Each structure stands twice: as C-alpha cells, then as structure tokens.
Amino acid sequence: MSLRVLLADDQGLVRLGVRAVFQSLDDVTVCGEATNGIDAIRKAHELNPDMIVADPWLPGANGVTLTKRVLKRHPRQKVLMFADLAPDAMVYQLVSAGVKGLVLKTDPTAELIDATQAFQQDRLYFSRSVAAAIIGRHLCSDVPPVGYEPRKHRLTLREQEVAQLLAEGKVSKE
C-alpha cells in the first residue's frame with residue numbers, strides 16, 4: 001500500500017525537490033501540496049494523507065499550530081518537519097505538539113527517505129544531524145534548554161549511553 005504524502009512549504013523549488021525524491025520511491029505518492037500553514041491544514045483535512053512533510057516556519061500557521069490542528073481531527077496522521085534549522089525550543093514545542101520526526105533541508109536526501117521508511121513502520125525519526133546537535137548540547141550542559149520542562153523521571157545509565165552513541169552518529173543496529 002502506498003504512503004500518501006502532503007507537502008507543505010512556501011518555497012516552490014523545495015516542494016519540487018521533495019516531490020522528485022518521493023516520485024523515485026515505489027511506495028510513496030504525493031497527494032497534494034500547500035504553500036502556507038492554513039492551506040496545509042485544510043488540505044490535510046480534505047485529502048487525509050498518511051504523512052505531512054512541512055516547513056515549521058510556514059506563513060499563516062507555523063508547524064506547532066499546523067500539527068495540533070491536524071492531529072486533533074486526524075490523530076493517525078504523521079507529521080515530519082523539514083526545516084532550515086532546528087533550535088532546541090522549537091524542537092521541544094514541535095514534539096510536544098505531536099510531530100513524529102524532523103529532517104533538515106541541508107541533510108542528505110537519504111535522511112528524508114529514511115524518515116519516510118520509519119514512518120511507514122510507525123517509528124519516530126530525527127535525522128542524525130538533529131539528534132546529534134540536540135543530544136550533544138544537552139549532554140554537555142547543566143543548563144536546561146529554553147522551552148524544556150523537566151520530567152519526573154531521569155534517564156537511566158543505559159539510556160544515557162544509548163543517547164551518547166546516537167549523538168556520535170551510531171545507528172541502532174550498532
């Protein structure tokens with residue numbers, strides 16, 4: 001069964017490039033495009049895609065607003081943010097809203113393909129560069145990031161080791 005994707009980016013060349021990547025995959029179909037957040041929300045409701053690939057800085061409704069509004073009505077849809085940059089506070093807000101992954105526009109094309117495959121297997125996906133930057137900053141700092149709300153439970157020693165390995169670019173198989 002083909003994964004149906006809605007693309008939402010205000011830059012036409014970006015949409016064209018992402019569409020070309022998805023067209024090269026046998027099991028992915030682009031079912032629609034949007035140039036702003038409001039249009040993306042409307043099309044997500046109309047087209048009911050399996051996955052939305054969106055720029056978090058869309059005009060009209062940003063990634064947090066888009067994600068919350070779409071998932072409120074269609075909780076099974078998966079949202080992947082495709083961003084120029086990923087400041088910590090934004091990542092925390094996006095994840096809290098329900099985003100299931102984030103890939104940078106500067107990442108290799110394989111990261112977008114890997115994210116798509118992860119979503120098809122109902123897994124989260126954060127590109128290596130995003131994971132390494134965020135985890136690396138947090139392992140090396142005693143100061144909590146902006147937007148961070150502490151949880152009651154801390155990471156176990158093993159979870160900390162796994163986080164460090166991910167930050168170093170290792171994959172789960174290693």
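Buried here means under 20% relative accessible area, exposed over 50%, and partly exposed in between (1.4 Å probe, protein chains only). By that yardstick G101 is buried, at 0% relative accessibility. G101 is found in strand β5 (residues 101-104), where helices (H or I, at least four residues) and strands (E, at least two) are DSSP runs, numbered from the N terminus. Its C-alpha sits 8.7 Å from that of F82, with the two positions 19 residues apart in sequence numbering.

The model is predicted: local features need pLDDT of at least 70, side-chain atom pairs count only at pLDDT 80 or more, and totals for chains, interfaces and linings use all residues. Residues are numbered from 1 along each chain as its sequence is written, and side-chain values use heavy atoms, with hydrogens and water left out. pLDDT is the predictor's confidence in each residue, from 0 to 100. For the protein chain the mean is 86, and 84% of residues reach 70 or more. Broken down by element, β3 comes out highest with a mean of 98, while helix α6 (residues 128-139) is lowest at 72.

As for the overall layout, the protein chain has seven helices and six strands. Read from the N terminus, the order is β-α-β-α-β-α-β-α-β-α-β-α-α. Of the 174 residues in the chain, 43% are buried.

Two more strand residues tell a similar story to G101. A8, in strand β1, is buried at a relative accessible area of 2%. A8 and I52 are 44 residues apart in sequence, yet their C-alpha atoms are 7.4 Å apart in space. A34, in strand β2 (residues 28-34), is buried too, at 1% relative accessibility. The C-alpha atoms of A34 and L58 are 9.7 Å apart, with a sequence separation of 24 residues.

Helix α3 (residues 63-73) has a clear inside and outside. Its buried residues are G63, V64, L66, T67, V70 and L71. Seen down the axis of α3, these fall within an arc of 160° (taken from the directions from the helix axis to the C-beta atoms), so they line one face of the helix. An α-helix has 3.6 residues a turn, so residues three or four places apart point the same way. K68, K72 and R73 are exposed on the other side of α3. At the N-terminal end, N62 acts as the cap, with a side-chain oxygen 3.1 Å from the backbone nitrogen of V64. That is a polar contact, meaning a pair of N or O atoms within 3.5 Å; within protein, one must be able to donate a hydrogen and the other to accept it, and residues adjacent in sequence count only if both atoms are side-chain atoms. T67, with a relative accessible area of 0%, also makes a contact: its side chain reaches the backbone oxygen of G63 at 2.7 Å.

Next come the empty spaces. On a 1 Å grid over the protein atoms alone, a cavity is a set of points where a 1.4 Å probe fits but cannot get out, and a pocket is an open set with protein on both sides within 12 Å along at least five of seven lines; lining residues have an atom within 4 Å of a point. Grid points are joined across faces, edges and corners, and a volume is the space filled by probe spheres set on the points. The whole structure holds one cavity of 30 Å³ or more. The largest cavity has about 50 Å³ of space and is lined by L7, A8, D9, V14, R15, V18, V53, A54, D55 and F82. Elements giving two or more residues to this lining are β1 (3-8), α1 (12-23) and β3 (51-54), with α1 giving the most, three residues. Seven of the lining residues are nonpolar, none polar and three charged (Ala, Val, Leu, Ile, Met, Phe, Trp, Tyr, Cys and Pro count as nonpolar, Asp, Glu, Lys and Arg as charged, and the others, Gly among them, as polar).

The second largest pocket has a volume of about 230 Å³. Its lining consists of L3, N48, P49, D50, P75, R76, Q77, K78, K100, F119 and D122, which split into four nonpolar, two polar and five charged. Two of these residues have unusual backbones. Most residues other than glycine have a negative phi. N48, however, has a positive phi of about 50°; N48 lies in the loop between α2 (37-47) and β3 and is partly exposed at 41%. D122 has a positive phi as well, near 60°. D122 belongs to the loop between α5 (109-120) and β6 (125-126) and is exposed, at 60% relative accessibility.
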